[in-house]
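Dear colleague,

Please find the structure below, handed over for your study. The notes that follow it set out what was found.

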Amino acid sequence: MLGVWTPDQIRAAEQQLFARTPEPVVMRRAAHAVAVHTARVLTEVTDGVAGRRVALLVGAGNNGGDALWAGAFLRRRGVGVTAVLLAPEKAHAAGLAALRRAGGRAVPAEGASADTSGIGAEAADAVERADVVIDGIVGLSARGSLRPTAAELVRRVSVPVVAVDLPSGVDPVTGAVDGPVVQADLTVTFGGRKPCHVLGAGAVCSGEVEVVDIGLDDHLPAPELRVLRPAEIGADWPVPGPSDDKYSQGVVGVAAGSATYPGAAVLASGAAVQATAGMVRYAGPAADVVRSRWPEVVATGSVGDAGRVQAWAVGPGIGLGASGRDVLQHVLESGRPVCADADSITLLANDPTLWDARDPDVPLVLTPHAGEFARLTGQELGPDRVAAAREVAARFDAVVLLKGNTTIIAAPDGRVLVNDAQHAWLATAGSGDVLTGLIGALLASGVEPWLACGYAAHVHSLAADLAAHGETDDPTEPGAPIGASALLEAVPLAIRKIRRAALA
Ligand SMILES: NC(=O)C1=CN([C@@H]2O[C@H](COP(=O)(O)OP(=O)(O)OC[C@H]3O[C@@H](n4cnc5c(N)ncnc54)[C@H](O)[C@@H]3O)[C@@H](O)[C@H]2O)[C@@H](O)CC1
Ligand SMILES: [K+]
């Protein structure tokens, strides 16, 4: 797993490091890495380093200091470097001196200009003629989006941007963006990923993220968030072994859909079929439709007749009436792990006595989208989705998978996984039903619920990406919209892909 640490965790570790290694030494390490990566980007876009031009956007703090020192290192490789100072009187003194000693220039961002923007002519010229821009406007101490002068400079950038630590304008803790922001091609960060690199708009604005070792590792506590690597999901994805039979791999029960709306039943059952090789039982009024689409599913009319299962996936399309409530109650009373989605979340929100049906020792997974989350908690979801998911996981003693372009998976003990889809192809009717089936199947196979959600979320978003790109299988090519059936069809491709990653 990749760790993600909050700015507070990083700052505390940094203080411990500074007790042993002086701050300027650490900053030079950080800045040197920025310079090395910028040189790589320069080579990619201009086929060379010496004689190329780099503009540094420099704010008031140490983030700007990193940029200035990176500029000094680039000067040594023959790059023409101009620092554009957003707060000239507050610019990092040692970094600025290092840049000047190395032959770099520094100009104020504001000054007499040819237009009404207030951007000085030299600053405008530096940004517009640069081959690569380094964003050192603001880092870990960022508050809010870019201020007007910085925003105006950033608006003029039309070349690749290397962000120091994080793209300026994103909230370091939540990844939220509510105004002008830097869109980086590459973010060079220090010691470990920060939440803004993996959450929401921040993840998009970060571009590629390079983590540089500056000696913080020994001082970092357990990470606040974690991101699963495809290879580890692939290595752990349940597949049959020589001694397995259909029962030993886990039987999943699917309680979804209705006679009028059988789609949810077909999709959730199909996802369970595609996810693992054991057995899928369907229980509900769409039994005939499910059987005709998925002949391998053992389908019955009601949960009472379903037979033994190792886990239940319940909710999509079961309705909010008495029959849906009965289904949910039966499933919760079964003493088996349950993935409760869609209508079951609303049913739980409408009737809190349903919580009494649950055996507290048996894992429960809740998979709300923002609307269901608000119903369940009685309050709207704010920008800090991680804190919200963690709080609700603890409150309901359940694993909470909060849906969105960035999926947050919180366990009751506070562990949080993040899955950033990096695309929006999953925004299609029925995709949630597929996710429910995937999670149910993994629970039945005995995968720990928090990980089961992480595995399912990853395969779900990967399958959508593969389906959208069809035969090209190339995410840099334009994709085409998909429906949930195409998503479902791509699930085996996605599983093969992560299993292949595990072999590499
Ligand atoms: N934490 C670490 O381990 C290390 C941190 N380093 C660098 O230090 C940075 C943090 O430095 P600082 O704490 O000095 O803070 P920043 O450089 O992030 O911010 C400096 C100042 O900018 C102002 N500011 C906040 N939001 C703003 C906005 N939206 N627009 C304009 N100005 C804004 C604030 O008043 C703040 O004091 C990191 O991001 C990283 O680049 C590195 O030098 C190496 C080690
Ligand atoms: K920055």
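**The surroundings of ligand 1**

In this predicted model, the shell of residues around ligand 1 is made up of 13 nonpolar, nine polar and six charged residues. Of these 28 residues, the ones that come nearest to the ligand are Gly-61, Asn-62, Asn-63, Gly-139 and Ser-141. Three elements each give two or more residues to the shell, namely helix H1 (7-20), helix H2 (23-46) and helix H3 (62-76). The greatest contribution is that of H3, which supplies four residues.

**Helices H2 and H3**

Two of the helices named above also pack against each other. The axes of H2 and H3 come within 8 Å and cross at roughly 60°. Because angles of 65 to 115 degrees count as roughly perpendicular and those under 35 as roughly parallel, H2 and H3 are therefore described as oblique to each other. Their crossing is right-handed. On the side of H2, the contact is made by Met-27, Arg-28, Ala-30, Ala-31, His-32, Val-34, Ala-35, Thr-38 and Ala-39. On the side of H3, the residues are Asn-62, Gly-65, Asp-66, Trp-69, Ala-70, Phe-73 and Leu-74. By class, the contact of H2 with H3 holds ten nonpolar, four polar and two charged residues. You may wish to find Asn-62 in the model, since this residue of H3 takes part in the contact with H2 and is also one of the residues that come nearest to ligand 1.

**Helices H3 and H4**

How do the axes of H3 and helix H4 lie, roughly parallel or roughly perpendicular to each other? The axes of H3 and H4 (residues 93-101) come within 8 Å and cross at roughly 15°, and the two helices are therefore roughly parallel. The crossing in which H3 passes H4 is left-handed. H3 makes this contact through Gly-65, Leu-68, Trp-69, Gly-71 and Ala-72, and H4 through Gly-95, Leu-96, Ala-98 and Leu-99. Six of these residues are nonpolar and three are polar, with no charged residue in the contact of H3 with H4. Gly-65 and Trp-69 of H3 appear in this contact with H4 and in the contact with H2.

**The two domains**

The chain is divided into domain 1, residues 2-227, and domain 2, residues 241-503. The C-alpha centres of the two domains lie 40 Å apart. Where they touch, eleven residues of domain 1 are in contact with nine residues of domain 2. On the domain 1 side, helix H7 (200-206) and strand E9 (225-227) are the elements that give two or more residues. E9 gives the most, with three residues. This side of domain 1 is composed of eight nonpolar residues, two polar ones and one charged one.

**Helices H16 and H18**

A further helix pair is formed by H16 (residues 449-469) and H18 (residues 491-503), whose axes come within 8 Å and cross at roughly 115°. H16 and H18 are therefore roughly perpendicular to each other, and their crossing is right-handed. From H16, the contact involves Val-459, Leu-462, Ala-463 and Leu-466. From H18, it involves Val-491, Leu-493, Ala-494, Ile-495, Lys-497 and Ile-498. Nine residues of the contact of H16 with H18 are nonpolar, none is polar and one is charged.

With kind regards

Note on methods. Residues numbered from 1 in each chain as written. Chains lettered and ligands numbered in written order. Predicted model: local features only at pLDDT ≥ 70, side-chain atom pairs only at ≥ 80, totals over all residues. Near = placed C-beta within 6 Å. Nonpolar A, V, L, I, M, F, W, Y, C, P; charged D, E, K, R; others polar. Domains from an automatic or database assignment. Contact = placed C-beta atoms within 7 Å. Axes fitted to C-alpha atoms, helices over the stretch in contact; angles between N-to-C directions. Parallel < 35°, antiparallel > 145°, perpendicular 65-115°, else oblique. Left-handed = near helix turned anticlockwise from the far one by under 90°.
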